[in-house]
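Thank you all for making time for this. I would like to walk you through one structure, slowly enough that anyone new to the subject can follow along on the screen.

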Amino acid sequence: MMSVFLFVFILHLFAPVEVKAQHGLHDQRHIYDLWDSVVSRYIQPGVRESVSLNVVDYEGISKDKNFTAFIDAIANVNTSGYDHDSTYAFFTNVYNALAIKMIIDHPCKKSLFSSCKPISSIKDIGSLLNPVWKMPAGVVAGKQWSLDDVENYLRNPHPLKEDSRLHASIVCASISCPNVRTEAFRPEKISDQMDDQIKDFLYNKKKGFDLDRSSNVLHLTPIFLWFKWDFDQYGGVKKFISPYISSSDSQYIADNNPSIEYFTYNWDVNGDPPCHC
């Protein structure tokens, strides 16, 4: 009898242990804390090409251990079971980090004559047949993702409902993009943070929103044009922006139905690429 118990004990002792990726609250907080430490240190208000924006210190981020730790952490996290707020907080931070990583990983461009210089735009990365948006950007939850993959998931996070405020929260490393937020998006306050992102974006009269009453023209970021269908659920872009602009501007738009024109999008990088060629 004793030999049977001993055999069972030995089998239990050496049985394989299933290791599951962590996705608890503590794990999420650690990831957000890492990203928070990066953006709070290396994103600063500034001006580029006469446009006010949050300027990215790509050089500093490229050398930051917490940025490396964040990239490693998102590669191994388990996102199964994330609710709406956790999904939008996590993947919005991920998009912004991977866009920054893309600039850090590809900071230089070479001409046909082999001269080397910093990229001017994130669109300098990749090619016509393989644009930067389709290129592998990083590993997330054990799978390789492109920037398009992350954006498209946020636009259709089935079975969760899309939140079109994402378009003022994800940042494509360009001057005309919304500002990189100087804190991590977090599930417990993601809705307030996304509201704040829209207000901040629309407050910028050179890339977000400007109402010219003399000509009855509403100037908007072309993001509202490119993703027009995402705002149809709100009754159109004019109704979507109404809660985020002044009551005076909102009332004027409702009463006068101004025509819409779109700003020219400036794809130049929102900071100096860390090119040392």
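I will speak about the disulfides, then the aromatic rings, and then the pockets. Please keep in mind throughout that what you see is a predicted model, and that the values I quote were computed from it.

Let me begin with the disulfides, and with a reminder for those who have just started: a disulfide is a covalent bond between the sulfur atoms of two cysteines. How many disulfides does the structure hold? There are three, and if we count the bonded cysteines along the chain, they follow the pattern 1-5, 2-6, 3-4.

Take Cys-108 and Cys-275, which form a disulfide with their sulfur atoms 2.0 Å apart. The angle about the S-S bond is 120°, and this link of Cys-108 and Cys-275 is right-handed. Cys-108 lies in strand 3, residues 108-110, while Cys-275 lies in the segment after strand 9, so this pair ties together parts that are 167 residues apart in sequence. If you look at the surroundings of the two partners, Cys-108 is partly exposed, because its relative accessible area is 27%, and the range for that class runs from 20% to 50%. Cys-275, with a relative accessible area of 14%, is buried, since it falls under 20%.

Next comes the disulfide of Cys-116 and Cys-277, in which the sulfur atoms are 1.9 Å apart. Here the angle about the S-S bond is -100°, and the link of Cys-116 and Cys-277 is left-handed. This pair also links distant parts of the chain, with Cys-116 in strand 4, residues 116-118, and Cys-277 in the segment after strand 9, 161 residues apart. Are these two cysteines buried or exposed? Cys-116 has a relative accessibility of 28% and counts as partly exposed, whereas Cys-277, at 56%, counts as exposed because it is over 50%.

The remaining disulfide joins Cys-172 to Cys-177, with 2.2 Å from S to S. The torsion about the S-S bond of Cys-172 and Cys-177 is about -70°, so this disulfide is left-handed. Both partners count as buried, since Cys-172 has 10% relative accessibility and Cys-177 has 1%, and the cut-off for buried is under 20%.

Let us now turn to the aromatic rings. The count comes to 17 aromatic pairs, and I will pick out one of them. The rings of Phe-91 and Trp-145 have their centres 5.3 Å apart and their planes at 40°, so the pair is tilted, a label for angles that are neither under 30 degrees nor over 60. Where in the chain do Phe-91 and Trp-145 sit? Phe-91 is in helix 5, residues 84-105, and Trp-145 is in strand 6, residues 143-146, so that the pair links distant parts of the chain, 54 residues apart. Phe-91 is buried, and Trp-145 is buried as well.

These two residues also belong to a wider group, because Tyr-82, Phe-90, Phe-91, Trp-145 and Tyr-153 form one aromatic cluster. Trp-145 has a charged partner too, for the charged end of Lys-143 sits over its ring, 4.4 Å from the ring centre.

Finally, the pockets. The largest pocket holds about 310 Å³ of space. It is lined by 17 residues, and the closest to its centre are Tyr-95, Glu-151, Trp-226, Phe-227 and Trp-267. Helix 6, residues 147-155, and helix 8, residues 223-226, are the elements that give two or more residues to this lining, and helix 6 gives the most, with four. By class, the lining of the largest pocket divides into 12 nonpolar, two polar and three charged residues.

The second largest pocket has a volume of about 150 Å³. Among the residues that line it are Lys-199, Tyr-203, Phe-209, Arg-213, Tyr-244 and Asp-249. Which elements each supply at least two residues of this lining? They are helix 7, residues 190-203, and strand 7, residues 209-212, and the largest share, three residues, comes from helix 7. The lining of the second largest pocket has six nonpolar, one polar and four charged residues.

Methods:
Residues numbered from 1 in each chain as written. Predicted model: local features only at pLDDT ≥ 70, side-chain atom pairs only at ≥ 80, totals over all residues. Heavy atoms only, no water. Phe/Tyr/Trp six-rings, centres within 6.5 Å; stacked < 30°, edge-to-face > 60°. Buried < 20%, exposed > 50% of the residue type's maximum accessible area, 1.4 Å probe, protein only. Lys NZ or Arg CZ within 6 Å of the ring centre and 35° of its normal. 1 Å grid on protein atoms, 1.4 Å probe; cavity = no way out; pocket = protein on both sides within 12 Å on 5 of 7 lines; lining within 4 Å. Points joined across faces, edges and corners; volume = space filled by probe spheres on them. Nonpolar A, V, L, I, M, F, W, Y, C, P; charged D, E, K, R; others polar. Disulfide = S-S within 2.5 Å.
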